[in-house]
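Hello,

Here is the structure I promised to pass on to you. Have a look at it first, and then read my notes below.

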Amino acid sequence: LKEEKANQELVLKAIQAGLVASAHDCAEGGVAVALAESAFANELGLQVTLPLKKEYLFAETQSRFILSVSPQHQEAFETAQHIGKVTETGLVIHALDDVINCLTKEAKALWEDAIPCLMKQKA
């Protein structure tokens, strides 16, 4: 809980200081799903490398956030782990033992057609 509170406060301060372009929590589906969801709104892409085996990309570990910052603010995040960059299209996530590579539009369509999303639309 202490780590969660500290991370929440750090992210909030960075947002309030105008350093963060976008922020997304890593909840359902872990870091891989959080990365994909981050790209969906503007149908952008990303290229990321994570020092994890592919099954850990979907771990729902607490106290993690995906933040995007412009290059001029990157220095302010030296203690954070830099994992990649925003691209024009396509989701490319390199794990230690595999690569996820798909078009953002295709991933978004699959995500929107998933049962939890469909149930939210009906409510």
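**What turned up**

C26 has a relative accessibility of 8%, under the 20% limit, so C26 counts as buried. The other cysteine I looked at, C102, has 25% and therefore counts as partly exposed. As for disulfides, the structure has 0 of them. Please keep in mind that this is a predicted model.

C26 also shows up around F65, a residue of strand β3. Setting aside residues up to four places away in sequence, F65 touches E4, N7, Q8, V11, H24, D25 and C26. F65 itself is partly exposed, because its relative accessible area is 25%. Its C-alpha lies 6.9 Å from that of A23, although 42 residues separate F65 and A23 in sequence.

Strand β3 covers residues 65-68, and S68 belongs to it. What does the side chain of S68 pair with? The side chain of S22 is the partner, in a polar contact of 2.4 Å. Beyond its neighbours within four places in sequence, S68 is in contact with V20, A21 and S22.

Just for the backbone angles, two residues may interest you. S63, in the loop between β2 and β3, is not a glycine, yet its phi is positive, near 70°. With a relative accessible area of 15%, S63 is buried, because buried means under 20%. E43 also has a positive phi without being a glycine, in this case about 50°. E43 sits in the loop between α2 and β2, and at 32% relative accessibility it counts as partly exposed.

E43 leads on to E88, which is found in the loop between β4 (84-87) and β5 (91-94). Not counting residues up to four places away in sequence, E88 touches E43, L44 and G45. Is E88 buried or exposed? Its relative accessibility is 66%, over the 50% limit, so E88 counts as exposed. From E88 to G29 the C-alpha distance is 23 Å, with their positions 59 residues apart along the chain.

The residues E43, L44 and G45 appear again around T104, which lies in helix α3 (residues 104-112). Leaving out residues up to four places away in sequence, T104 touches A39, F40, E43, L44, G45, T89, G90 and L91. T104 has 1% relative accessibility and so counts as buried. Which backbone atoms does its side chain approach? A polar atom of the T104 side chain lies 2.7 Å from the backbone oxygen of L44, and the T104 side chain also reaches the backbone nitrogen of G90 at 3.2 Å.

T104 takes part in the helix packing as well. Helix α2 (residues 30-40) packs against α3 at an angle of about 105°, and the two axes are 10 Å apart. Angles of 65 to 115 degrees count as roughly perpendicular, so α2 is roughly perpendicular to α3. On the α2 side the contact is made by E37, A39 and F40, and on the α3 side by T104, A107, K108 and W111. Sorted by class, the contact has 4 nonpolar, 1 polar and 2 charged residues.

I hope this gives you a handy way in.

Best wishes

Technical notes
Residues are numbered from 1 along each chain as its sequence is written. This is a predicted model: local features need pLDDT of at least 70, side-chain atom pairs count only at pLDDT 80 or more; totals for chains, interfaces and linings use all residues. Side-chain values use heavy atoms; hydrogens and water are left out. Helices (H or I, at least four residues) and strands (E, at least two) are DSSP runs, numbered from the N terminus. Buried means under 20% relative accessible area, exposed over 50%, partly exposed in between (1.4 Å probe, protein chains only). A polar contact is a pair of N or O atoms within 3.5 Å; within protein, one must be able to donate a hydrogen and the other to accept it, and residues adjacent in sequence count only if both atoms are side-chain atoms. Contact means heavy atoms within 4.5 Å. Axes are lines fitted to C-alpha atoms, for helices over the stretch in contact, and angles run from 0 to 180 degrees between N-to-C directions. Angles under 35 degrees count as roughly parallel, over 145 as roughly antiparallel, 65 to 115 as roughly perpendicular and the rest as oblique. Ala, Val, Leu, Ile, Met, Phe, Trp, Tyr, Cys and Pro count as nonpolar, Asp, Glu, Lys and Arg as charged, and the others, Gly among them, as polar. A disulfide is a pair of cysteine sulfur atoms within 2.5 Å.
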